[in-house]
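Good morning, and thank you for coming. I would ask you to look at the sequence and the structure on the screen while I speak about helix packing and salt bridges.

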Amino acid sequence: MKAIVYTKYGTPDVLELKEVDKPIPKDNEVLIKVYAVSINDWDLGLLQGDLINRLMNGLLKPKIKILGSDIAGRIEAIGKNVKKFQLGDEVYGDLSGRWGGFAEYSCARENELALKPVAMSFEEAAAIPQAGMLAIQGLHDKGQIHSGQKLLINGAGGGVGTFAVQIAKLYGAEVTGVDNSGKLDMMRSMGFDHVINYKQEDFTKNGHCYDLILDVKTNRSISDYARALCSNGIYVTVGGSMVRLLQALILGPWISMISKKNIRIVGLKQNKDLAFMNELFEAGKIKPVIDGPYKLDEVPKAFRHFGEGAHKGKVVITV
Ligand SMILES: NC(=O)c1ccc[n+]([C@@H]2O[C@H](COP(=O)([O-])OP(=O)(O)OC[C@H]3O[C@@H](n4cnc5c(N)ncnc54)[C@H](OP(=O)(O)O)[C@@H]3O)[C@@H](O)[C@H]2O)c1
């Protein structure tokens, strides 16, 4: 089969289209003919090989050589212990931890997958798993979003933000999105009530307060975020600068004790809410924002586009 392979850490130039062996599913796995896959921030980290990703995937060179976690495709073979799926089922899910998505075939355990609604394209399905779960778990599980709140999303024009605004609108939230100037028109058109260009305005210093902040960049100090929260407000980070995340982890409980403001961190529960996303999609309440789709041999170009931060919504590859 064809796959995008890397054998050393680096820029997207180290990604090569190669012929490799088709994977064989174990007894508890299915083999999926992959039709679409999307790029996540985690893929970029694993490609570039920062320290944390090297600890996970090999200090000197990558152990897992095919990246890509969010896949959608059709089941082509089934291990003998698989109960939930049948041959021909159209499925999607987040395979991070095993990766292998930038390829014509991939294996997955049944708990990593959900059935894809018929009306959902493979590209739409591949856009959903990681960003969609972070948006739901950030707003619902950690943020306890409720009706009529003022929400700010920092890093709003990428994967998580474009799902989060659609979910927040179901609660009648007034949503402010922060991103660069190139994404603000797209963000307005998809329902953000207010947009802020982070290169021109610091939302933590503009005098406004928010009931809930969902942050995908975590690039400011925790006291800045606390200042931007209204009384009883909740700040939820899904990721970003490691130093800032550590700060949130250590100082968050203190801030909660002295100020009635909450600082929370999302630990992704992979694929937990895919059934809920299916319901929202089928009810016409969620529509993934797709950048692309690119072809499999264009994955290096797609990574460059993603790495430059030029993408809007999710960068998707059709296989
Ligand atoms: N918690 C967990 O368990 C877990 C698991 C997996 C992933 N994650 C995290 O989830 C996040 C992925 O989010 P995503 O898919 O939405 O990423 P994304 O698609 O890259 O979107 C991030 C957006 O933030 C914008 N941005 C960059 N710098 C900014 C700044 N200073 N202020 C405001 N916006 C800025 C980017 O635009 P420009 O760059 O063009 O300016 C981009 O539009 C990452 O932080 C990742 O580490 C967490």
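I begin with two helices: H4 and H5 are oblique to each other (roughly parallel is under 35 degrees, roughly antiparallel over 145, roughly perpendicular 65 to 115, and oblique is the rest). Before going further, I should say that this is a predicted model, in which local features need pLDDT of at least 70, side-chain atom pairs count only at pLDDT 80 or more, and totals for chains, interfaces and linings use all residues. Residues are numbered from 1 along each chain as its sequence is written, and side-chain values use heavy atoms, with hydrogens and water left out.

Two packed helices are described by the angle between their axes and the distance between the axes. Helices here are DSSP runs of H or I with at least four residues, and strands are runs of E with at least two, numbered from the N terminus. The axes of H4 (residues 129–142) and H5 (residues 159–170) cross at roughly 50° and come within 8 Å. Such axes are lines fitted to C-alpha atoms, for helices over the stretch in contact, and the angles run from 0 to 180 degrees between N-to-C directions.

Which residues of H4 and H5 make the contact, that is, have heavy atoms within 4.5 Å? From H4 they are Ala131, Gly132, Leu134, Ala135, Ile136, Leu139 and His140, and from H5 they are Gly159, Val160, Phe163, Ala164, Ile167 and Ala168.

I turn now to salt bridges, each being a side-chain nitrogen of Lys or Arg within 4 Å of a carboxyl oxygen of Asp or Glu. The count by this rule is 18 salt bridges. One of them joins lysine 169 to aspartate 193, at 2.6 Å from N to O. This pair links distant parts of the chain, 24 residues apart: lysine 169 lies in helix H5, and aspartate 193 in the loop between helix H6 (184–189) and strand E10 (194–197).

Are the partners buried or exposed? Aspartate 193 is partly exposed, at 38% relative accessible area; buried means under 20%, exposed over 50%, and partly exposed in between, with a 1.4 Å probe and protein chains only. Lysine 169 is also partly exposed, at 32%.

A further salt bridge pairs lysine 272 with aspartate 273, at 3.1 Å from N to O. Lysine 272 is partly exposed at 40%, whereas aspartate 273 is buried at 11%. Finally, Glu29, Arg98, Arg109 and Glu112 form one network, joined by salt bridges that share partners.

How values were computed
Contact means heavy atoms within 4.5 Å.
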